Amino acid sequence: MSQILALPLIAIVAILLAKVPAIAQFGLSALPLAIILGIVVGHLNTRKFADKEVIFTRFCQQKLLRAGIILFGFSLSFQQIISVGWQALVLDLLVITSVFCVGTYVGVRFFKLDRELAILTSVGSAICGAAAILATESVLKPRQQNVTIAVATVVLFGTIAMFSYPFIFQFSGMSEQAFGIYIGSTVHEVAQAVAAGEAIGGEALQNAVVVKLIRVMMLAPFILILSAFLTRSSDGSSGGKIAIPWFVFGFIAASGINSLLLLPETLLSILQWASQFSLAIAMAALGVQTRWSTIRQAGVKPMILSLMLFVMLIFGGFYLSQWLIVG
């Protein structure tokens, strides 16, 4: 089958599968499902791609990714930040900063990983899983192998983390509301926040989703700061030209529009579906180009790094929540 037909089909199938209750309970959203299906299709289809297929695949992985992130802004509003209080905002900032900085430093310094891989793995754990990794790819320009490995490890430990929350809740001594904030500030994917919050209760679910979406919103300033830092590092000075990821401003503008205007529910649903489809097809494009051998060649170090970040999120996030939210 041609890639031009296969990629949209994979994206649609992934979106539909994510709505199946038996799959949704595992916290698997359309994005990780799309990359898994893409990998399967890529291994089954061993023929060499035609030039137009290569061009279309690159378009999906780059242009549609940016469009999907911009449209995702319509899922967020500034009112959501106000509703959970300043403590949740501070908690998200502390989690993102500590997980990203520690993960990148340890990955490069102690595990001797490529800086690209250490950054991608850390940002996926710190902010919003696969979507954050693909957004960071736009400014980092990494090798595709590193993107695939980072996505694989983050999806694995994000799923494990999600199943840990109902067990932790029994011994936490937190209220449902406070525990929902803890979930949102530490879980990897939005779908996992929904699944974990639902397992606790309605109040936990609401706070988990809102706090998780605040973390997603922080992806925009993070990309801008990372772009400036990478430019300065590569030039050896602060006078270099920053590679501005313009789609970030589109993301912020979409969130602003959703905050200031009362958009019809039908229009919001269409925009959110378009965002999900665009991101899913970008993931499918990544998956079809991936070979299992490239993941295997990376060894165990990326897996150990993701495990370390998983522990930081679960335990470090718990004590930060106790300090900021409960205390």
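Confidence first, since this is a predicted model: the protein chain has a mean pLDDT of 87, and 95% of its residues come in at 70 or more. That confidence varies from element to element. Helix α6, covering residues 86-109, has the highest mean at 95, while helix α15, residues 292-297, has the lowest at 73. If you're colouring the model by pLDDT, those two helices mark the ends of the range among the elements.

Now for the inside. The largest nonpolar core takes in 79 residues, and the members touching the most other members are I127, I133, V151 and M283. Helix α7, which runs from residue 115 to 140, is the biggest contributor, putting 15 residues into this core. To get a feel for how the core is put together, click on V151. Once you ignore its neighbours within four places in sequence, V151 is in contact with I35, A130, I133, M283 and L286. Two of those partners, I133 and M283, are themselves on the list of residues that touch the most other members. Apart from this core there is another one, made of 20 residues, with I168, F179, A193 and F318 among them.

Next, the open space. The largest pocket has a volume of about 880 Å³, and 31 residues line it. If you want to find its centre, look for S29, F72, V190, A191 and Q276, the lining residues that lie nearest to it. Several helices share the job of building the wall: α1 (3-18), α3 (30-44), α4 (51-72), α7, α10 (190-200), α11 (202-217) and α14 (265-288) each give two or more residues to the lining. Helix α7 therefore turns up twice in this tour, as the top contributor to the 79-residue core and as part of the pocket lining. What kinds of residues line the pocket, by class? The count is 21 nonpolar, 7 polar and 3 charged.

Finally, have a look at the backbone on either side of α7. K112 sits in the loop between α6 and α7, and its phi is near 55°, a positive value in a residue that isn't glycine. K141 is in the loop between α7 and α8 (144-172), and this lysine also has a positive phi, about 55°, without being a glycine. Are these two lysines buried or exposed? K112 is exposed, because its relative accessible area is 60%, and K141 counts as exposed too, with 60% relative accessibility.

Conventions. Residues are numbered from 1 along each chain as its sequence is written. This is a predicted model: local features need pLDDT of at least 70, side-chain atom pairs count only at pLDDT 80 or more; totals for chains, interfaces and linings use all residues. Side-chain values use heavy atoms; hydrogens and water are left out. A nonpolar core is a set of buried Ala, Val, Leu, Ile, Met, Phe, Trp, Tyr and Cys residues joined through side-chain atoms within 4.5 Å. Buried means under 20% relative accessible area, exposed over 50%, partly exposed in between (1.4 Å probe, protein chains only). Helices (H or I, at least four residues) and strands (E, at least two) are DSSP runs, numbered from the N terminus. Contact means heavy atoms within 4.5 Å. On a 1 Å grid over the protein atoms alone, a cavity is a set of points where a 1.4 Å probe fits but cannot get out, and a pocket is an open set with protein on both sides within 12 Å along at least five of seven lines; lining residues have an atom within 4 Å of a point. Grid points are joined across faces, edges and corners, and a volume is the space filled by probe spheres set on the points. Ala, Val, Leu, Ile, Met, Phe, Trp, Tyr, Cys and Pro count as nonpolar, Asp, Glu, Lys and Arg as charged, and the others, Gly among them, as polar. pLDDT is the predictor's confidence in each residue, from 0 to 100.
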